[in-house]
Amino acid sequence: MLIADDQELVRTGFQMILDAQEDMEVLATAANGAEAVELARRLRPDVCLLDIRMPKLDGLEATRVLAGPGVPDPMRVVIVTTFDLDEYVYGALRAGATGFLLKDSGPTLLIEAIRAAAAGDALVSPSVTVRLLEHLSHPRAGGVRPPSEPLTERELDVVRLVARGRTNQEVAAELFVSLSTVKTHLGSIQTKLGARNRVEIAAWAWESGIVG
């Protein structure tokens, strides 16, 4: 993975935590957003861990460049920041991030978020999840883009559970189906919604009133 933060102490601390995991390796660190983008494009890490407030290019813009709408082969980005601001959370997820954590979330949640991102899932810090979903539940100006084809009842069941933060395993358990069936449904849902990941599926569900 790649770590980008303008504070050397933070970079060093995160690297020590992550390199201690048997299944993780920090390929490089960056002190600003422009350097992070260059390294990410060259090294293609499985997960990019980005701070928001960085010189030259902030974390939100770096996320848009690496994982935003229209980016071919988008990368997996987890935002880690000191700043618990709604516009940062919403902006990060809209820019293509697959996770959002506060720096005081602790090493366990940090590791979980990275593993989730690497697996194609998303993890948002519990302390901001409720406010984020409340924000998403307000109708968007201009309405929500309808799916290219209607979702089936079972696909809607999957969407509702994803929107409430369930993992694939939890969705499978609650719907009494196999994990492979859940993944098949998610693939179909993403195609119909034009969504790149489960965060965008959840956003669509809340904004369209499927959950609330």
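User: How many helices and strands are there in the protein chain?
Analyst: This is a predicted model. Its protein chain holds both kinds of element. The count is 10 helices and six strands.

User: What share of the residues in the protein chain count as buried?
Analyst: Buried means under 20% relative accessible area. The chain has 212 residues. Those that count as buried make up 47%.

User: Which residues touch the most other members of the largest nonpolar core?
Analyst: This core has 25 residues. Elements that each supply at least two of them include β1 (2-4), β3 (48-50) and β4 (77-81). The residues with the most contacts to other members are Leu2, Cys48, Leu50 and Ile79.

User: Leaving aside neighbours within four places in sequence, which residues is Ile79 in contact with?
Analyst: Contact means heavy atoms within 4.5 Å. With the sequence neighbours set aside, Ile79 still touches Leu50 and Ile52. The full list is Leu50, Ile52, Gly59, Thr63, Ala92, Ala97, Gly99, Phe100 and Leu101.

User: How many residues are in the second, separate core?
Analyst: Ala195, Ala202, Trp204 and Ala205 are among its members. The core comprises 21 residues.

User: Which residues are closest to the centre of the second largest pocket?
Analyst: This pocket holds about 350 Å³ of space. It is lined by 18 residues. Closest to its centre are Arg76, Thr98, Gly120, Arg196 and Asn197.

User: How do the residues of the lining of the second largest pocket divide?
Analyst: Gly counts as polar here. On that basis the lining splits into six nonpolar, six polar and six charged.

Key. Residues numbered from 1 in each chain as written. Predicted model: local features only at pLDDT ≥ 70, side-chain atom pairs only at ≥ 80, totals over all residues. Heavy atoms only, no water. 1 Å grid on protein atoms, 1.4 Å probe; cavity = no way out; pocket = protein on both sides within 12 Å on 5 of 7 lines; lining within 4 Å. Points joined across faces, edges and corners; volume = space filled by probe spheres on them. Core = buried A, V, L, I, M, F, W, Y, C linked by side-chain atoms within 4.5 Å. Buried < 20%, exposed > 50% of the residue type's maximum accessible area, 1.4 Å probe, protein only. Helix = DSSP H or I, 4+ residues; strand = E, 2+ residues; numbered from the N terminus.
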